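Reader: I've got the structure open and I'd like to know what lies behind the labels people put on it. Could we go through a few of them?

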Amino acid sequence: MFATGSRALAATPPMGWNSWNAFSCAVTEEDIRSAADRLVETGLRDAGYEYLVVDDCWMDDELDDGYLRPHPEDFPSGIEALAEYVHDRDLKFGIYSSAGRVTCQGYPASLGHERKHARQFADWGVDYLKYDNCGDHEGKDALARYSAMGKALAKVDRDIVYSICEWGRNEPWRWGRNAGGHLWRATHDIVAKWSTEDTEFGLGIADIIDQMDDRDIAPSHGPGGWNDPDMLQIGNGPDSGQSKLEDVTVERGLTPAEERTHFSFWCLFAAPLMAGNDLVEMDDRTLALLTNEDAVAINQDPLGIQGTRDGRLGETEVWSKRLTDGRCAVILFNRGRTPATIETTVETVDMSVDAATYTVEDVWEDDEWQTSGTLHATVDPHDVALFRVSPE
Ligand code: GLA
């Protein structure tokens, strides 16, 4: 049913950059070209961020005989030329549509045109499709709508990573793989905030961290099919992204500690890592966070395990996941408003190998020591310690 090689696609969580969180609907082909250049110049591409994905609003107001057309003013050179520009920089090119009549911003989408659009994407050189859930569904359920595009993509002569963006509404972790998906959004839209009120749009970082565990979805996660807690908001301040949309009002911005927590958890979750910041404006701290080799290695570990919560004590928590070679990644997480000393042991975390001595690498402090089994750190408010623990 699937094109040759498609199972090797997304063998580790996809990494890249997507236009939505920084540019929302105001994106142009110039923004995409600059993002491609910046992925190369900054070293992000070489750190693994290889997919450059144009989100909503790249298309014209009307379909043309059922085919999608690029917006004549914002994407005047066309999508094929843009994909070529991206490929010339040794990056992969991604695009967006929706499993409904229109996209979330009201542009024409792919329901009922799946074969035509999949062929069009393949002809343009598309390597990744983010497929949203907006627009009239014409009475079809999610599995039918997402499988229709999955089958259409499997029929084209090109490997295309299929990113199902159904917001976790119909438990896509149960059917995402069968629909041909390589990743599926498990949660609603992320905003650059610690947490949101019920009346606000979207979810904050702490809300998503909770949902990823509460939904008990880790067993469905692994090579070729990933639970997706949404794209990164690291480096996005108060004026970025959805805050440019008229109908969305969220005061936003994460502290450096909160950004570290965001990235550490996305690495522990083996989540797709799609950076979402303006790469032209990016500061050194953001770049250092996104490219930390040990954190990225924890994210890209070939076992592809989604880390889970081992325990809570007051406002402190311990989370972990098994890594290859008998190693283990551990997060000591402080949700509180004052610094906390957090302590656990190798017996509590997901460590599969017994040893007399373990080496602990502290990813953010760039420090290393040995222990017979105790793991501890003093952690600032809304911050984490991220360890890689290896049996000796
Ligand atoms: C939905 C998705 C977002 C983004 C927007 C675009 O809200 O969940 O990630 O793609 O649509 O309109």
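Author: Sure. Let's begin with the word cavity: a set of grid points where a 1.4 Å probe fits but cannot get out. This is a predicted model, and a search of the whole structure finds two cavities of 30 Å³ or more.

Reader: What makes the second largest cavity count in that search?

Author: Its volume. The second largest cavity holds about 70 Å³ of space, and the cut-off is 30 Å³ or more, so it counts.

Reader: Which residues line the second largest cavity?

Author: Asn18, Tyr128, Lys130, Ser163, Leu183, Arg185, Asp228, Asp230, Met231 and Met274. Two elements give two or more residues to that lining: strand 4 (128-132) and strand 6 (183-185). By class, the lining has four nonpolar, two polar and four charged residues.

Reader: On to the ligand. How do you know that Asp132 makes a polar contact with it?

Author: The limit for a pair of N or O atoms is 3.5 Å. A polar side-chain atom of Asp132 is 2.8 Å from a ligand oxygen, so the pair qualifies. For Gln105, an N or O atom in the side chain is 3.2 Å from an oxygen atom of the ligand, so that pair passes too. Arg185 also has a side-chain N or O atom 3.2 Å from a ligand oxygen, and therefore makes a polar contact. The protein covers 95% of the 310 Å² of accessible area that the ligand has on its own.

Reader: How does the shell around the ligand divide by class?

Author: Into five nonpolar, one polar and six charged residues. Trp20, Tyr96 and Lys130 are among the residues around the ligand.

Reader: Last one: why are strand 13 and strand 14 called paired?

Author: Pairing takes at least two bridges. Strand 13 (residues 358-362) and strand 14 (residues 367-371) have five, in the antiparallel sense, so they pair. Asp362 has Asp367 in strand 14 as its bridge partner. The two strands form a hairpin with four residues between them, and Asp366 in the turn has a positive phi of about 50°.

How values were computed
Residues numbered from 1 in each chain as written. Predicted model: local features only at pLDDT ≥ 70, side-chain atom pairs only at ≥ 80, totals over all residues. Heavy atoms only, no water. Near = heavy atom within 4 Å. Polar contact = N/O pair within 3.5 Å; in protein donor to acceptor, adjacent residues only side chain to side chain. Areas by Shrake-Rupley, 256 points an atom, 1.4 Å probe, with all protein chains shown as cover. Nonpolar A, V, L, I, M, F, W, Y, C, P; charged D, E, K, R; others polar. 1 Å grid on protein atoms, 1.4 Å probe; cavity = no way out; pocket = protein on both sides within 12 Å on 5 of 7 lines; lining within 4 Å. Points joined across faces, edges and corners; volume = space filled by probe spheres on them.
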